[in-house]
Amino acid sequence: APIGAAPERTDVLVVGAGVTGLSAALAVASRGQDVVIVDRRFGSGAACRSGGIIVGDTLIGPAPGFERCDLELRDWVSANAPACRLQWAGCMELDRDDRLRAQPVDWQDAGLVRLSRVVEGGTLDPAALVSALAWAAVERGARFVDGLAIDRCERSGSRLMASGGGQ
């Protein structure tokens, strides 16, 4: 449950309660550090409005440092968040290449779009994922402040000072 106001001090301040911010908060809280998550309006960000597609590879290849992150997310969701309704059946990767077969995808957008290949991946309910990550972080000791927008960050020696107000 969200706490009323942001504390004056914390080891780690996470700004934004989307998938990335909540994953970071969960990792930090799991290591026993004091973490506070602040969000302008929990559940209204891009993560909850996404299509919930999980893909670990792209047309140009995997992003360095993110190899297997899709599989780690799949395994975490399977073990910790059944409400996400994970379906792991692969994802169609589309390309603008008229040399590709016209089946099973052949549509016009700003050019011809066809199936390049099926890659490992799946879909889930993104709002349920955000909720599950938030609960997991709070269960491990993270504190959550909803309704706070960070307006300014300043460095003071080895400290970072953040200030904000309402939405």
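**A walk through the helices, core and strands**

Let's start with two helices: H3, covering residues 69-80, packs against H4, covering residues 126-139, at an angle of about 75 degrees, and their axes lie 12 Å apart. Keep in mind as you look that this is a predicted model. Why quote those two values? Two packed helices are described by the angle between their axes and the distance between the axes. Angles from 65 to 115 degrees count as roughly perpendicular, so H3 and H4 are roughly perpendicular to each other.

Which residues make the contact? On the H3 side you'll find Leu73, Trp76 and Val77, and on the H4 side Leu129, Ala132, Leu133 and Ala136. Sort the residues of this contact by character and you get seven nonpolar, no polar and no charged.

H4 turns up again when we move to the largest nonpolar core, which has 25 residues. Helix H1 (19-30), strand S2 (35-39) and H4 are the elements that each give two or more residues to this core. Of these, H4 gives the most, with eight residues. The residues with the most contacts inside the core are Leu22, Val35, Ile37 and Cys84.

Try picking out Leu22 in the structure. What does Leu22 touch, leaving aside its neighbours within four places in sequence? Its contacts include Gly16, Ala17, Ile37, Phe42 and Phe144. Val130, Leu133, Ala134 and Ala137 are also among the residues in contact with Leu22. You've already met Leu133, since it belongs to the H4 side of the contact with H3.

Now for the strands. Strands of a sheet pair through backbone hydrogen bonds, either parallel or antiparallel. Here, three strands form an open sheet in the order S4-S6-S5, with antiparallel pairing. Strands S4 (91-95) and S5 (106-108) are the edges, each pairing on one side only. From one strand to the next, the twist averages 40 degrees. Zoom in on S4 and S6 (residues 112-119), and you'll find that five bridges join these antiparallel strands. Along this pair, Glu93 stands opposite Arg117 in S6.

Our last stop is another antiparallel pair: S9 (residues 149-156) and S10 (residues 159-165), which pair over seven bridges. Cys153 stands opposite Ala162 in S10. How many residues sit between the two strands of this hairpin? There are two, and Gly157 in the turn has a positive phi of about 65 degrees.

Key:
Residues are numbered from 1 along each chain as its sequence is written. This is a predicted model: local features need pLDDT of at least 70, side-chain atom pairs count only at pLDDT 80 or more; totals for chains, interfaces and linings use all residues. Side-chain values use heavy atoms; hydrogens and water are left out. Axes are lines fitted to C-alpha atoms, for helices over the stretch in contact, and angles run from 0 to 180 degrees between N-to-C directions. Helices (H or I, at least four residues) and strands (E, at least two) are DSSP runs, numbered from the N terminus. Angles under 35 degrees count as roughly parallel, over 145 as roughly antiparallel, 65 to 115 as roughly perpendicular and the rest as oblique. Contact means heavy atoms within 4.5 Å. Ala, Val, Leu, Ile, Met, Phe, Trp, Tyr, Cys and Pro count as nonpolar, Asp, Glu, Lys and Arg as charged, and the others, Gly among them, as polar. Two strands pair if DSSP finds at least two bridges between them. A nonpolar core is a set of buried Ala, Val, Leu, Ile, Met, Phe, Trp, Tyr and Cys residues joined through side-chain atoms within 4.5 Å. Buried means under 20% relative accessible area, exposed over 50%, partly exposed in between (1.4 Å probe, protein chains only).
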